[in-house]
Number of protein chains: 2
Amino acid sequence: MRRDIFQAIADPTRRAIIALIALQAMTPNAIAENFNTTRQAISKHLRILTECELVKQEQEGREIYYSLELEKMKEIDKWLSQYRKIWETRFNQLDNVLATIKKQKK
Amino acid sequence: MRRDIFQAIADPTRRAIIALIALQAMTPNAIAENFNTTRQAISKHLRILTECELVKQEQEGREIYYSLELEKMKEIDKWLSQYRKIWETRFNQLDNVLATIKKQKK
DNA sequence: TATATGTGCAACCAATCAGTTTCACAAATT
DNA sequence: AATTTGTGAAACTGATTGGTTGCACATATA
């Protein structure tokens, strides 16, 4: 099933999961311990995150380790970059204005 | 009303609105012309975007101009930066590995 | 082999969401 | 003064969401 990354990161619990598994892979049970919900609710969140490939799984015996797929996070960065370009340009323009003012003062 | 930015950008129509008004302020009518929905639906999206301060309004007679609040977009960038840090570190680590391999070849 | 453990899936439910239609109202135009 | 134009708000609707409970099933452990 296709999934939208932006819709995936819209939920605060899912963002917290992402933060948790960013540095080390974790099992659903271990992840669920950090939240005030059932294991099944976390399992559903993990399914959504996996479906949009923000998270990958690795089976190890009966345990499944979930970890962050950083490559996919870059897609958000890519989307954001078009706006970053704008605010950097505006910042430079402001910089020029300030430089001009400074010059005129001299 | 408080609003979550991530929930606001989850909707594809709202992301399209953001893209539209990123470079120039626009009225709801002008924005709605670009979509296949009613003006009222766009009005609702604009309300949500305004509530989380991703978008600001400027009244001009009976017209209201909506434009992007770049400052707020930076909050997404800030959230993303913790993960950018990780992928940059990993990239450098990979870089070191490659450098070592290259050295050994010599 | 019997039991415990780790996990995903399906069915259900209340809440929220995105959209429509209808209305209200102020500012511009005739 | 009457009409048109630009807009937001309210009420309603079907779809989606996040959560729960109950179940199934494979892998460990006793």
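**Close-up views of a predicted protein–DNA model**

A:Glu71 and A:Lys74 sit three residues apart in helix α5 (residues 70-105) of chain A, so about one helical turn separates them. Helices (H or I, at least four residues) and strands (E, at least two) are DSSP runs, numbered from the N terminus.

This is a predicted model: local features need pLDDT of at least 70, side-chain atom pairs count only at pLDDT 80 or more, and totals for chains, interfaces and linings use all residues. Residues are numbered from 1 along each chain as its sequence is written, chains are lettered from A and ligands numbered from 1 in the order in which they are written, and side-chain values use heavy atoms, with hydrogens and water left out.

**View 1. A salt bridge within helix α5 of chain A joins A:Glu71 and A:Lys74.** The closest N and O atoms are 3.2 Å apart. A salt bridge is a side-chain nitrogen of Lys or Arg within 4 Å of a carboxyl oxygen of Asp or Glu. A:Glu71 is exposed, at 53% relative accessible area. A:Lys74 is partly exposed, at 30%. Buried means under 20% relative accessible area, exposed over 50%, partly exposed in between (1.4 Å probe, protein chains only).

**View 2. A:Glu51 pairs with A:Arg3 in a salt bridge.** Their closest N and O atoms are 2.8 Å apart. A:Glu51 lies in helix α4 of chain A and A:Arg3 in the segment before α1 (5-8), so the pair ties together parts 48 residues apart in sequence. A:Arg3 is partly exposed, with 28% relative accessibility.

**View 3. B:Arg84 and B:Asp77 form a salt bridge.** The closest N and O atoms lie 2.8 Å apart. B:Arg84 is buried at 16% relative accessibility. B:Asp77 is buried too, at 15%. Shared salt-bridge partners join A:Asp77, A:Arg84, B:Asp77 and B:Arg84 into one network. Over all chains, the count is 18 salt bridges.

**View 4. 23 residues surround DNA strand D.** A residue is near the strand if one of its heavy atoms lies within 4 Å of it. A:Thr38, A:Lys44, A:His45, B:Arg62 and B:Tyr66 come nearest. Sugar and phosphate make up 65% of the strand D atoms within 4 Å of the protein.

**View 5. Side chains of chain A approach base and phosphate oxygens of DNA strand D.** For A:Lys44, a side-chain N or O atom is 2.5 Å from a base oxygen. For A:Gln40, the distance to a base oxygen is 2.9 Å. A:Gln7 instead faces a phosphate oxygen, at 3.1 Å.

Definitions and conventions
A polar contact is a pair of N or O atoms within 3.5 Å; within protein, one must be able to donate a hydrogen and the other to accept it, and residues adjacent in sequence count only if both atoms are side-chain atoms.
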